[in-house]
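Colleague: I have a structure to go through with you. Can we take it one question at a time?

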Amino acid sequence: MRDTTRAEKLLSLFTSPDTATAIAGDLTEERQHRGSIWFWSHVLTTIVALWRNAVTSAPLANLKLAAAGCVVFATTAFGGTAAVSLFPQIVGSPLYWTALSIFWWGAAFWTGVALVSIAPRRGMAACAMLAVTGEALLIVFGVTAVWLDLLSTEFIIAYTAALVVAVPLLAGSSVARRRMIVCGVPALCLLLSVATPAAAQATEWKDPSRHVARMVVVDDNVQLEVLDWGGSGPAIVLLAGLGDTAHVFDDLAPMLTPRYRVLGLTRRGHRGSSAALGGYGFVRLAEDVVRVIDAMGVTNPVVVGHSFAGEEMHVLGARHSSKIRGLVYVDAAFDQAFAADIEAFNAVARTVPSAPSPKADDLASFKALRAYLQKYGGAGPEAHLRGRWVANPDGTVSRMWAPDLPIRQAMAADIQAAYKPYNPERIHVPAVAIYAVPKSADDLIRLGSSNRLPFPELLATVADDPALRERIEKLFALTRERVRHHEQWFEAFAEGGRVVEISGPHHLIVSNRREVLQQIDRFMSSVTARP
Amino acid sequence: MSTPLNLGEFEQLILLAILRLGDTAYGVTIRAELADRGGRNVAPGALYTALERLEAKGAITSRMGDPTPQRGGRAKRYVTVTAAGVQALRRAVRAYERLLDGLDLLRGVHA
């Protein structure tokens, strides 16, 4: 009885209600001696026959309906494309295919199908025709996506949704066609108009740091990105290491602004600043810093620099001592003449396994990269990562950022020239040099050093491997020895210069931010207390 | 009817079955008649689409009967052949007769 009703409803989609009633009755009558399998298979074959009959008996009318559906489809789809392109951050993001190709185009297609289904009498026939075409196109699209290697979680979810959306749409249109269209289509459009900006919101990454970024001209055709975190009190200028941008200080700077006025700059040839074809000698680079200090109107700043910035700081302390109050070297003060003589040290270092390089999984997204870096010494602010690494259009990370070859060559040539012979002028300002140096052999493995990334997993192996333990002890002894040399060199080089040790890897700015902050505070109070 | 009706072979068989059944012609009985007398097992889908076509051509008319319990309370749709339908059938039969004349086709089969 219930089956008869269901069959009648299905049949009525493809023929007049009277005919549907009569056919359902006929099939029910025969069902008594032929069984329900026979009944349902003939309900279905009858529907197919009626559908074919409807399509072939009036091909032109059906084509017109299909064309109307396509017009609705195209209009909605192009509207959707335009809507998506209003959010440029989606283009090239992992959501691009989802937002554009599937949400809008898929939804638009089904909107067309649904609208066709309300056409009187032949509506359902044309609708089913379009639906079958749509599913076929989707399958082709899916195969293409697999072939082009476009699969992502978002893609699979959206694709499945696009495939199965036909079911509620067709079911809805068969039960209450007009009502479904009147309520359903506007609801779908509303959903999409909300979904697109929401997707855009989710995709867009905004630098959360509260700095004002500006470009400062320091040389002919050379502008540097200067980040101004504001703050009041004595001034601090932050210099990043080679390859890094000023954004590496995005987490540290806000901890300084309550007490100091804080600026940071990205040196020439680095991401965000001009790609100058020369001027990478230390004297010129220091001159760039002085130009920024003058342009920003800060007086007597303390310059805090990491790693390679030490070379610029030497020049500042020697030649521009009237401009600056003092220097804080964050693992940045090295006797480069001694640093070149590192072969014996490296021979031992090579016998101790190092932290693994990032694998494909670690480069699947900035999130994955962050997790990898956190494990091996710290990741730093997101803006720093995005400045330091290159993203692919699909959201994966491709490689570390590097300037174009001619700039790299100019940089390398200028730096090499400055190192041979290495003979920096002595500085005449107060200075402190922080060194990344482990306190024990375990710390060397767990926390790293100037020359080594942390590799905590190795500690588990060390327990069962006395030979490895011995090599690590040896490496630790050599590490200490080398740091001691640099410390002694610095004490001689910087008159009255102080030395501080922090147990950690080279990038203390991201790994040991609080200890670096303490040292800056301590140095600031010592220099600002001076008459 | 200005243009004469053209009937396909399957349509002719259906019309003949309807004529034989008289007042009791509807889906189930037509299929049974075609099976018993015509030796053809016709799928319901094929019959109903043919009936739709025949009605559209004006060869048959239909009326709804009373609902019966063994049909799930659904009415039968009785069909009758129209005058135009009978005429078209007659024309087709005559055409057959003229074409068969002198061929002796059936004797060969029974021999």
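Modeller: One cut-off comes before the questions. A residue is buried if 20 or more other C-beta atoms lie within 10 Å of its own, exposed if 12 or fewer, and partly exposed in between. Keep in mind that this is a predicted model.

Colleague: Is A:Glu515 buried, exposed or partly exposed?

Modeller: A:Glu515 is found in helix α22 of chain A. It has 16 other C-beta atoms within 10 Å. Buried takes 20 or more and exposed takes 12 or fewer. A:Glu515 therefore counts as partly exposed.

Colleague: How far apart are the C-alpha atoms of A:Glu515 and A:Glu501?

Modeller: Along the chain, A:Glu515 and A:Glu501 are 14 residues apart. In space, their C-alpha atoms are separated by 9.9 Å.

Colleague: Which strands of chain A does helix α22 touch?

Modeller: Helix α20 of chain A, residues 466–493, lies across β9 and β10 of chain A, at about 175 degrees to β9(A). Helix α22 of chain A, residues 513–528, also packs on the sheet. Its direction makes about 165 degrees with that of β6(A). The strands it touches are β5, β6, β9 and β10 of chain A.

Colleague: What is the strand order in that open sheet of chain A?

Modeller: The sheet is open, has eight strands and shows mixed pairing. The twist averages 20 degrees from one strand to the next. The order is β1-β2-β4-β3-β5-β6-β9-β10 (chain A).

Colleague: Which strands of chain A stand at the edges?

Modeller: Each edge strand has a single partner strand, so one side of each is left without a neighbour in the sheet. For β1(A), β2(A) pairs with it in the antiparallel sense over seven bridges. There, A:Val212 stands opposite A:Asp228 in β2(A). The edge strands are β1 (212–219) and β10 (498–502) of chain A.

Colleague: Why is strand β4 of chain A largely enclosed by the rest of the structure?

Modeller: In a regular strand the side chains alternate between the two faces of the sheet. In β4(A), A:Arg261, A:Leu263 and A:Leu265 point one way, A:Val262 and A:Gly264 the other way, and all are buried. The strand is largely enclosed because of its buried residues: five of the five.

Colleague: Which residue stands opposite A:Ile236 in β4(A)?

Modeller: Two strands pair with β4(A). Four bridges join it to β2(A), running antiparallel, and there A:Val226 stands opposite A:Leu265. β3(A) pairs with β4(A) in the parallel sense over five bridges. On that side, the residue opposite A:Ile236 is A:Val262.

Colleague: How many residues of strand β5 of chain A are buried?

Modeller: Take one side of β5(A): A:Val302, A:Val304 and A:His306 are buried. On the other side, A:Val303 and A:Gly305 are buried too. The strand is largely enclosed by the rest of the structure, so the count for residues 302–306 is five of the five.

Colleague: How many bridges join β5(A) to strand β6 of chain A?

Modeller: β3(A) runs parallel to β5(A) and is joined to it by four bridges, with A:Leu239 opposite A:Gly305. β6(A) also runs parallel to β5(A). Between β5(A) and β6(A), A:His306 stands opposite A:Val330. The bridges joining them number five.

Colleague: Which helix makes a β-α-β unit with β5(A) and β6(A)?

Modeller: The unit is right-handed. Its helix covers residues 309–319 of chain A. That helix is α12.

Colleague: In the largest nonpolar core, which residues touch the most other members?

Modeller: That core holds 84 residues. A:Leu238 has contacts that include A:Phe249, A:Val262 and A:Val304. The residues touching the most other members are A:Leu238 and A:Tyr329.

Colleague: Which element gives the largest share of the side of chain B that touches chain A?

Modeller: In all, 18 residues of chain B are in contact with 22 residues of chain A. Elements giving two or more residues to the chain B side are α2, α3 and β2 of chain B. The largest share is six residues, and it comes from α3(B).

Key: Residues are numbered from 1 along each chain as its sequence is written. Chains are lettered from A and ligands numbered from 1 in the order in which they are written. This is a predicted model: local features need pLDDT of at least 70, side-chain atom pairs count only at pLDDT 80 or more; totals for chains, interfaces and linings use all residues. Two strands pair if DSSP finds at least two bridges between them. A crossover is right-handed if, with the strands pointing away from the viewer, the path from the first strand over the helix to the second runs clockwise. Two residues are in contact if their C-beta atoms, placed from the backbone, lie within 7 Å. A nonpolar core is a set of buried Ala, Val, Leu, Ile, Met, Phe, Trp, Tyr and Cys residues joined through C-beta atoms within 7 Å. Axes are lines fitted to C-alpha atoms, for helices over the stretch in contact, and angles run from 0 to 180 degrees between N-to-C directions. Lists of a residue's contacts leave out its neighbours within four places in sequence.
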